[in-house]
Amino acid sequence: MEYIFNEQERQDAYRTKRRLWLFWIAVLVVFLAVEAALITVNLVDVSTTRSRRFYVPFAILGITAAVLFAGFSLFFFSVKFRLTRKYVKMLRDIDRGLKDTTVGRFTAFDEDIGEKDGVFFYSMILECNPLKRGDITTRKVLIEKTKPKPDVSPGDRLRFTTHANILVSYEFLSRISNAPKE
């Protein structure tokens, strides 16, 4: 049985998510320290010199820092962190969720990239036995886009395991030998 996702990948994904959280928290701490310093210096200056000479520059710096932090956070959480979080959630669901094992005959790969629950996939098309009479026999099994294509040829019979139609593992039952490619 060939597994698509190994334990090292899972640990790397969890580690990456944790590192991203720590990075954002570090940026938050720096932002809060800058804002606290600006407020403290302004209050000390007003109370000691009775002057508001730094009020406008500090207000502009504070607003600029807040806008930059908000823009960074929006970009960070909507792109990088979201994709990592969805990938980690998919791996966790694969570990904990129900799995379906089926036998099918490989037909082709569908190169079109699609999205399911925030993770991008390409498809492997298989002909499977229908679950009930008159049911559709063609099944598109999803493979995460960064994973290499399995070394299968049209006509190969596979026993494959899926979770939510995502390929988890596969094994060959019979292979169609093709002439060597030149």
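**Entry 1: the S5–S6 loop**

I started at Ala-164, which sits in the loop between S5 and S6. I'm working from a predicted model here. Ala-164 caught my eye for its backbone: phi is positive, about 55 degrees, although the residue is not a glycine. I checked its accessibility too, and 41% makes Ala-164 partly exposed.

Then I looked at Asn-165, which lies in the loop between S5 and S6 as well. Phi is near 65 degrees for Asn-165, again a positive value in a residue other than glycine. Asn-165 has a relative accessible area of 25%, so I put it down as partly exposed.

**Entry 2: the nonpolar cores**

Next I went inside. I found 25 residues in the largest nonpolar core, and the ones with the most contacts inside it are Phe-5, Met-90, Leu-126, Leu-158, Phe-160 and Leu-167. Which elements give two or more residues to this core? I get helix H2 (55–96) plus strands S3 (119–128), S4 (138–144), S5 (157–163) and S6 (166–174). S3 has the largest share, with 6 residues.

I also noted a second core, separate from that one, with 7 residues. Leu-20, Trp-24, Phe-31 and Phe-76 are among them.

**Entry 3: two residues of the largest core**

I picked Met-90 to follow up, and it lies in helix H2. Buried or exposed, this Met-90? Its relative accessibility is 6%, and the cut-off for buried is under 20%, so Met-90 is buried. Leaving out residues up to four places away in sequence, I see Met-90 touching Phe-5, Val-119, Phe-121, Glu-144 and Ile-166. I also took a C-alpha to C-alpha distance from Met-90 to Lys-116: 9.8 Å in space, with the two positions 26 residues apart in sequence numbering.

Then Leu-158. What does it contact beyond its neighbours within four places in sequence? My list for Leu-158 runs Thr-102, Val-103, Gly-104, Phe-106, Met-124, Leu-126, Val-152, Tyr-170, Glu-171, Phe-172 and Leu-173.

**Entry 4: H1 against H2**

I turned to the helix pair. For two packed helices, the description comes down to the angle between their axes and the distance between the axes. I noted about 165 degrees for helix H1 (residues 7–49) and H2, with the axes 10 Å apart. That angle is why I call H1 roughly antiparallel to H2; the cut-off for that word is over 145 degrees. I have the crossing of H1 past H2 down as left-handed.

What kinds of residue make up the contact of H1 with H2? I count 25 nonpolar, 5 polar and 8 charged.

**Entry 5: two stops along H1**

I looked up Asn-42, which has its place in helix H1. Its relative accessible area is 13%, so Asn-42 goes in my notes as buried. Setting aside residues up to four places away in sequence, Asn-42 touches Phe-54, Tyr-55 and Phe-58.

Last stop was Gln-8, also found in helix H1. At 43% relative accessibility I list Gln-8 as partly exposed. I took one distance along the chain from there: the C-alpha atoms of Gln-8 and Phe-23 are 22 Å apart, for a separation of 15 residues in sequence.

Conventions. Residues are numbered from 1 along each chain as its sequence is written. This is a predicted model: local features need pLDDT of at least 70, side-chain atom pairs count only at pLDDT 80 or more; totals for chains, interfaces and linings use all residues. Side-chain values use heavy atoms; hydrogens and water are left out. A nonpolar core is a set of buried Ala, Val, Leu, Ile, Met, Phe, Trp, Tyr and Cys residues joined through side-chain atoms within 4.5 Å. Buried means under 20% relative accessible area, exposed over 50%, partly exposed in between (1.4 Å probe, protein chains only). Helices (H or I, at least four residues) and strands (E, at least two) are DSSP runs, numbered from the N terminus. Contact means heavy atoms within 4.5 Å. Axes are lines fitted to C-alpha atoms, for helices over the stretch in contact, and angles run from 0 to 180 degrees between N-to-C directions. Angles under 35 degrees count as roughly parallel, over 145 as roughly antiparallel, 65 to 115 as roughly perpendicular and the rest as oblique. A crossing is left-handed if the near helix is turned anticlockwise from the far one by less than a right angle, and right-handed if clockwise. Ala, Val, Leu, Ile, Met, Phe, Trp, Tyr, Cys and Pro count as nonpolar, Asp, Glu, Lys and Arg as charged, and the others, Gly among them, as polar.
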